[in-house]
Structures are given as C-alpha cells and as structure tokens.
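Hi,

Here is the structure I promised to pass on. Have a look at it first, and my notes follow underneath.

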Amino acid sequence: MNSTSYPAEPFRIKSVEQVKIIPREEREKVIREAGFNTFLIPSEEVYIDLLTDSGTNAMSDRQWAGMMMGDEAYAGSRNFRHLEETVREVFGFSHIVPTHQGRGAENLLSQIAIKPGQYVPGNMYFTTTRYHQERNGGIFVDVIRDEAHDASLKIPFKGNIDLQKLQRLIDEKGADNIAYVCLAVTVNLAGGQPVSMENMKEVRALTARYGIRLFYDATRCVENAYFIREQEEGYAGKSISEIVREMFSYADGCTMSGKKDCLVNIGGFLCMNDDELFSEAKELVVVYEGMPSYGGMTGRDMEAMAIGLKESLQFEYIEHRVKQVRYLGDRLREAGIPMIEPTGGHAVFLDARRFCPHLTQDQFPAQSLAATLYLESGVRSMERGIISAGRDRKTGENLHPKLETVRLTIPRRVYTYAHMDLVAGAVISLYRKKETIRGLRFVYEPKQLRFFTARFEEID
Ligand SMILES: *Cc1c(COP(=O)(O)O)cnc(C)c1O
C-alpha cells in the first residue's frame with residue numbers, strides 16, 4: 001500500500017456530522033484558555049478529534065434500531081438478558097455484572113478481590129485500573145516484558161507478561177500476597193500492543209500452579225484477537241470469535257470498558273466464573289452503579305452494547321479498524337516521525353522524547369507536543385507520559401515513565417482514510433519546526449488522575 005492507495009471503508013455512511021476548522025488565531029486563544037491541556041478544549045473547537053477511542057465510536061443502523069427496543073424497567077430488563085447471553089456466548093464466563101463504564105467494573109473487582117497490602121501484577125499500568133487497585137490497598141507491580149518500554153523496538157506481541165518477572169514476584173512475596181494478576185489485552189499505555197495466545201496460556205499455567213486468579217482487562221480484546229490471527233502461528237484460519245473465546249478460556253474473569261471494543265458510547269461490565277465473587281459483586285453493584293440488571297446503563301444502552309459486541313467480531317470490521325490505524329503509522333514512519341513501534345491496535349503513539357529532543361521529561365514534552373499539534377492543525381491528541389503517570393504515592397515525587405508519548409487515537413468507524421492523510425500531514429509539518437514546541441509547567445495540579453484537569457503555562 002502506498003500513500004495514494006488504500007482500501008475502501010467496509011460501510012457506507014447514513015448519517016453525517018459536520019466538522020469545521022477554526023482559524024489559527026482562535027486556536028491559539030483556545031489552547032491558552034485550556035491551560036495547554038487538550039482535555040480542556042471544547043469539542044466544537046476541534047477539527048479532527050483523536051483524543052480517545054473511548055465512547056467515540058459510531059454506532060451502526062442495527063445498533064440505533066436496538067436503541068428503540070430499550071426495555072427501561074427498573075428490574076429484569078430484557079435488554080440485560082440479551083447482553084448477558086451475548087457476553088456469555090462471546091467470552092464464555094458464567095456471570096456478568098453490568099456497570100456504567102470500565103472503571104465501575106474496576107472499582108467492584110478491586111474492592112472484592114484485593115486485601116490491603118496485596119500485590120497486583122499487571123502488564124503495564126492503566127490509569128483508572130491502577131487507581132482503583134491502589135485505593136483498595138493493592139500494590140501495583142509492572143510485569144510486562146522489558147521490550148515494551150523501548151519505544152523504537154519493532155517486535156510482535158510487545159504486550160506480553162514476562163513470566164520470570166511474575167515468577168520472581170511470587171517467590172519474593174508469596175502467592176497468598178498476590179490478589180490476582182491483571183492482564184490487559186491489548187496494552188493501551190504500551191502503544192496498543194497485543195498479547196500472544198501463547199503468553200496467555202503460559203500465564204494461566206503459572207498462576208494456576210499457585211492458585212492465583214487471573215483477570216483480563218478486556219477493553220480491546222477484539223483488536224488483540226486480530227493481531228493473534230494475523231501474527232501468531234496456527235490462528236490464520238480461525239474466526240475472530242473463536243480466538244476471543246480461546247483467549248478468555250484462560251481467565252477467571254474480566255473487566256470491560258464497552259466504550260471501546262463494544263462499539264458503543266457508554267457502558268461496561270465485570271465478568272467472572274466464581275459464584276462467591278459474583279454474589280459479592282452483586283452486593284456492591286447496587287451501592288455504586290444500580291441494580292444488577294442494569295448497573296448504571298439504560299435498557300437501550302445495554303441493547304446497543306449487545307449488538308455492538310457481536311458486530312466488532314466481524315472480520316471486515318476489525319480488519320479495517322486495525323489496518324486504518326496502521327496506515328496512519330506507515331505514513332508517519334515514511335516521513336521519519338519518531339513513534340512507538342510497531343503500530344498498535346487503536347492508536348499511533350508519537351515518541352515525544354525523540355520528537356522534542358530539546359526538552360527534558362520534566363518540561364513535559366508530550367503535553368506540549370499535544371497542545372502544539374492542536375494549535376498548528378486543529379487535530380486533538382492526548383498526552384500519555386509523565387503527566388498521566390502521576391506522582392509516587394509514598395514519596396510524592398513525579399514518576400518518570402520510560403514512554404513519553406502523544407497518542408493519536410482513532411475512533412471506530414468515524415473517520416476515513418482521507419482523514420488519516422490529513423492527520424499525517426499535520427504531524428509531519430509540525431515535526432519540521434519541532435524546535436517551536438516549548439516546555440510547560442503546572443499552574444494547577446489535581447491530586448488524583450491529574451492529566452484530566454491539570455493546567456499549564458509555557459516556560460520562557
Ligand atoms: C478506557 C480503559 C479503561 C477504563 O474504562 P472506562 O470505560 O473509561 O471507565 C480501562 N482499561 C483500559 C485499558 C482502558 O483503555
């Protein structure tokens with residue numbers, strides 16, 4: 001594929017939403033008013049919005065039809081039963097607890113499965129996941145393979161757990177002091193990198209030997225399944241559904257943000273096989289979310305989610321999805337733009353350290369790059385680096401993650417290949433004048449999940 005040829009979208013467009021670009025002088029005003037934080041920019045001021053793939057999905061005609069079939073009964077909604085059946089069929093778990101979104105499920109799981117002081121190993125952290133683990137007294141330990149922290153290394157399955165790291169943790173701390181292992185498929189903060197089926201099997205075998213539970217963060221499991229089909233021996237002839245089912249056969253349960261691979265705008269769930277854990281989760285869900293038959297979602301939300309989950313397993317959909325993201329990565333690589341290799345499932349991650357070699361990590365290069373990209377082009381992206389990593393709970397010092405990145409996240413079924421060309425052009429022209437990207441410092445720093453609402457000013 002070269003820059004003038006790409007496959008046609010496997011859908012036609014039935015409803016359109018106008019986008020517009022505001023003049024540069026206005027964008028300058030907007031980014032200053034937003035305190036150089038792209039989260040604080042009003043959506044109407046954005047041209048191409050690559051802030052996140054979370055809840056930004058375009059729903060299908062079938063999902064919209066499902067919205068009209070919402071059964072808004074307080075208890076026993078038929079849409080919940082449809083969702084429950086669908087989730088059981090797709091993942092193979094016995095129990096599902098609906099939640100308003102992924103972090104609702106993380107909250108429940110962390111409360112019921114972590115005793116204070118226990119360790120929670122995972123393949124790199126995710127912001128809300130780690131927050132709930134720590135809030136419940138858990139100690140997160142990163143057991144992802146070392147290669148995942150090396151942005152330029154182009155190898156498959158960079159999201160895998162390093163079995164030796166996990167074994168060492170078990171030996172040092174004792175199996176009883178490990179709450180569960182959290183395996184994310186794909187790994188968002190590592191650049192959307194997938195985990196191999198072989199690794200899942202091995203992690204299952206290791207944890208089973210010690211009676212340690214294994215929960216997946218299933219948020220982007222369909223994207224992960226596509227990578228397995230494409231790159232792991234023995235899976236080329238299998239359907240995406242078969243691969244997903246096998247992936248989850250090695251887990252005791254999962255948390256899910258429906259806002260990603262369920263192709264909806266809101267929703268999530270927690271799954272498990274264990275009956276006792278399920279009854280504890282049901283007791284808590286009524287406190288935080290709602291009845292166990294809606295968990296913070298409307299009936300119509302649950303219907304759209306059940307339909308969306310099945311649609312995401314269609315090969316034509318997921319192939320287009322992953323290849324469109326890869327296309328953007330290819331365009332940028334050809335132009336010599338530093339980024340995380342290989343391109344992951346949901347986003348292209350610019351390597352801000354190499355993009356802005358004139359800035360130190362404490363001058364927040366990724367935050368500034370994201371702000372400047374908006375200023376120059378109206379394209380909105382997100383920082384995933386030192387700001388997202390936050391401070392050490394004990395020492396209060398800034399954590400210094402190895403990956404200092406800007407994420408160009410592609411919403412599902414929303415933009416065309418022509419939009420990808422436009423984004424590539426914007427990043428490439430900014431790279432040519434990268435010295436204009438200035439360092440930042442905090443003027444307001446919230447205590448928790450600071451990246452969402454922090455404000456900055458430029459350093460002279
Ligand atoms: C988005 C996300 C979550 C949290 O889900 P929300 O629906 O945003 O609450 C958890 N894990 C990963 C990997 C995510 O990307």
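**Helix pairs, ligand and backbone**

Let's start with helix α4 (residues 102-113) and helix α5 (residues 127-135), which pack at an angle of about 25 degrees with their axes 9 Å apart. A word on terms: helices are DSSP runs of H or I with at least four residues, strands are runs of E with at least two, and both are numbered from the N terminus. Axes are lines fitted to C-alpha atoms, for helices over the stretch in contact, and angles run from 0 to 180 degrees between N-to-C directions. α4 and α5 are therefore roughly parallel to each other (angles under 35 degrees count as roughly parallel, over 145 as roughly antiparallel, 65 to 115 as roughly perpendicular and the rest as oblique). Their crossing is right-handed (the near helix is turned clockwise from the far one by less than a right angle; anticlockwise would be left-handed). On the α4 side the contact (heavy atoms within 4.5 Å) is made by R103, E106, N107 and S110, and on the α5 side by T128, T129, H132 and Q133. By class, that contact has no nonpolar, six polar and two charged residues (Ala, Val, Leu, Ile, Met, Phe, Trp, Tyr, Cys and Pro count as nonpolar, Asp, Glu, Lys and Arg as charged, and the others, Gly among them, as polar).

Before you go further: this is a predicted model, so local features need pLDDT of at least 70 and side-chain atom pairs count only at pLDDT 80 or more, while totals for chains, interfaces and linings use all residues. Residues are numbered from 1 along each chain as its sequence is written, and side-chain values use heavy atoms, with hydrogens and water left out.

Next pair: helix α3 (residues 78-91) and helix α11 (residues 299-312) pack at about 25 degrees, with axes 8 Å apart. α3 and α11 are therefore roughly parallel to each other, and their crossing is left-handed. From α3, the residues in contact include F80, L83, V87 and F91, and among their partners in α11 are M302, M305, I307 and L309. The contact of α3 with α11 divides into 10 nonpolar, four polar and four charged residues.

Then there is helix α6 (residues 163-173), whose axis comes within 11 Å of that of α7 and crosses it at roughly 10 degrees. That makes α6 roughly parallel to α7. The crossing of α6 and α7 is right-handed. L163, L166, Q167, I170 and D171 of α6 meet a set in α7 that includes V203, L206 and Y210. This contact has six nonpolar, three polar and three charged residues.

Now the ligand. Which residues are the closest to it? They are G102, R103, D217, S257 and K260, out of 14 that surround the ligand (one heavy atom within 4 Å is what counts as near). A polar side-chain atom of S257 is 2.6 Å from a ligand oxygen. For N188, a polar side-chain atom lies 3.1 Å from an oxygen atom of the ligand, and an N or O atom in the side chain of K260 is 3.1 Å from a ligand oxygen.

Finally, some backbone details. V185 and T186 are joined by a cis peptide bond, with omega about -15 degrees; T186 sits in the loop between β5 (181-184) and α7 (197-210). Another cis peptide bond links E341 and P342, with omega about -20 degrees, and P342 is in the loop between α12 (315-334) and β9 (347-351). F36, in the loop between α1 (24-33) and β1 (48-49), has a phi near 55 degrees, a positive value in a residue other than glycine.

Cheers

Conventions:
Polar contact = N/O pair within 3.5 Å; in protein donor to acceptor, adjacent residues only side chain to side chain.
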